[in-house]
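Hi everyone, thanks for making time for this one. I'd like to walk you through the side-chain contacts in the structure on the next slide.

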Amino acid sequence: MQFSDLDLTKTYTYADYLKWTFDERLELIKGKIFKMSPAPGSIHQRLSHRLSLKLGNYLLGKPCEIFTAPFDVRLARRSINDKQIFTVVQPDVCVICDPEKVDDRGCLGAPDLVVEILSPGNNKKELKNKYEVYEEAGVLEYWIIQPVEKTFFKYTLIEGQYQSSRMLTIGDEVTTGILPGFVLNLDELFADR
């Protein structure tokens with residue numbers, strides 16, 4: 001089967017997703033197929049690596065774990081049956097504090113923290129579609145990093161709805177109630193090299 005053989009108007013499930021063997025990387029959001037951007041560029045990779053290193057070092061010896069793309073996060077709504085899971089995403093970085101959610105296929109359920117680093121062409125998917133599914137699934141914090149403009153937004157789930165931080169950038173630090181004591185210096189994150 002080729003990607004071109006898929007009917008993009010159809011609704012698909014995780015069970016369908018598991019059968020696909022073509023090279024394109026895809027995500028399912030509410031049953032609809034979204035092609036992922038081509039392989040991330042060097043700026044995206046640099047930011048992902050720096051953030052992963054910072055989070056990973058902080059999490060050493062703690063119960064939470066960090067995972068980076070490609071890593072399937074299945075956001076089940078009614079059932080954990082593969083045929084009834086309609087959202088499978090691959091966040092750039094996620095932190096999961098409940099080990100019961102991690103299995104040999106990725107994560108089943110909402111991570112505690114999800115980070116998406118914007119790439120050209122994926123802004124609408126990240127800013128609208130993923131925002132909605134992360135909020136509905138109960139992801140406690142959703143971070144969006146804009147590499148070109150060097151900006152950072154943090155969405156915190158409060159009573160089932162995301163509340164946005166102000167726009168953060170160079171000179172700011174990010175903290176999170178999920179990881180007490182963790183501090184992300186945006187000067188270091190966005191440093192040119």
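Before we look at any residue, one cut-off: I call a residue buried under 20% relative accessible area, exposed over 50%, and partly exposed in between. Keep in mind, too, that this is a predicted model.

Let's begin with charges. How many salt bridges does a search of the whole structure find? The search gives ten. Here is one of them: Glu 136 and Lys 30 bring their side chains together in a salt bridge, with 3.1 Å from N to O. In sequence these two are 106 residues apart, Glu 136 sitting in helix H3 and Lys 30 in the loop between E1 and strand E2 (32-35). So where do they fall on our scale? Glu 136 has a relative accessible area of 46%, so it is partly exposed. Lys 30 is partly exposed as well, with 38%. Both also belong to a network of salt bridges that links Lys 30, Arg 77, Lys 128, Glu 132 and Glu 136.

Now hold that picture against another bridge, between Glu 27 and Lys 130, where the closest N and O atoms are 2.8 Å apart. This pair, too, connects distant parts of the chain: Glu 27 is in strand E1 (residues 26-29), Lys 130 is in helix H3 (residues 123-137), and 103 residues separate them. Buried or exposed, then, for Glu 27? Its relative accessibility is 0%, so Glu 27 counts as buried. Lys 130 is at 1% and therefore counts as buried too.

A third bridge is a mixed case. Arg 166 and Asp 172 form a salt bridge with their closest N and O atoms 3.0 Å apart. Arg 166, at 54% relative accessibility, counts as exposed, while Asp 172 is buried at 14%.

One more charge, this time with a ring: Lys 62 lies over the face of Tyr 58, at 4.3 Å from the ring centre.

That takes us to the aromatics. The structure holds 16 aromatic pairs. Take Tyr 12 and Trp 20 as an example: their ring centres are 5.2 Å apart and their planes make an angle of 75 degrees, which is an edge-to-face arrangement. Tyr 12 is buried at a relative accessible area of 5%, and Trp 20 is buried at 14%. The two are part of one aromatic cluster, whose other members are Phe 3, Tyr 14, Tyr 17 and Phe 22.

On to the nonpolar cores. As general background, nonpolar side chains in soluble globular proteins tend to be buried together. Here, the largest nonpolar core has 23 residues, and those touching the most other members are Leu 51, Trp 143, Ile 145, Leu 179 and Leu 184. Which elements each supply at least two residues of this core? They are helix H2 (42-59), strand E6 (93-96), strand E9 (113-117), strand E10 (141-146) and helix H4 (186-189). H2 gives the largest share, five residues. If you'd like one residue to click on, try Leu 51: setting aside neighbours within four places in sequence, it is in contact with Val 93, Val 115, Trp 143, Ile 145, Leu 184 and Leu 189. There is also a second, separate core of 20 residues, and Ile 29, Phe 67, Cys 94 and Ile 96 are among its members.

Finally, the cysteines. A search of the whole structure finds one disulfide. Which residues does it join? The bond runs from Cys 64 to Cys 97, with an S to S distance of 1.9 Å. For those of you who like dihedrals, the link is right-handed, with 100 degrees about the S-S bond. Cys 64 lies in the loop between H2 and strand E3 (65-68) and Cys 97 in the loop between E6 and strand E7 (102-103), so the disulfide ties together parts that are 33 residues apart in sequence. Cys 64 is buried, at 10% relative accessible area, whereas Cys 97, at 22%, counts as partly exposed.

And what about Cys 94, which we met in the second core? Cys 94 is in no disulfide, and the nearest cysteine sulfur, that of Cys 107, is 6.1 Å away. At 1% relative accessibility, Cys 94 counts as buried. Cys 107 is in no disulfide either, and at 0% it counts as buried.

That's my tour; over to you for discussion.

Conventions
Residues are numbered from 1 along each chain as its sequence is written. This is a predicted model: local features need pLDDT of at least 70, side-chain atom pairs count only at pLDDT 80 or more; totals for chains, interfaces and linings use all residues. Side-chain values use heavy atoms; hydrogens and water are left out. Rings of Phe, Tyr and Trp (its six-membered ring) pair if their centres lie within 6.5 Å; planes under 30 degrees apart count as stacked, over 60 as edge-to-face and the rest as tilted. Buried means under 20% relative accessible area, exposed over 50%, partly exposed in between (1.4 Å probe, protein chains only). A charge sits over a ring if NZ of Lys or CZ of Arg is within 6 Å of the ring centre and within 35 degrees of the ring normal. A salt bridge is a side-chain nitrogen of Lys or Arg within 4 Å of a carboxyl oxygen of Asp or Glu. Helices (H or I, at least four residues) and strands (E, at least two) are DSSP runs, numbered from the N terminus. A nonpolar core is a set of buried Ala, Val, Leu, Ile, Met, Phe, Trp, Tyr and Cys residues joined through side-chain atoms within 4.5 Å. Contact means heavy atoms within 4.5 Å. A disulfide is a pair of cysteine sulfur atoms within 2.5 Å.
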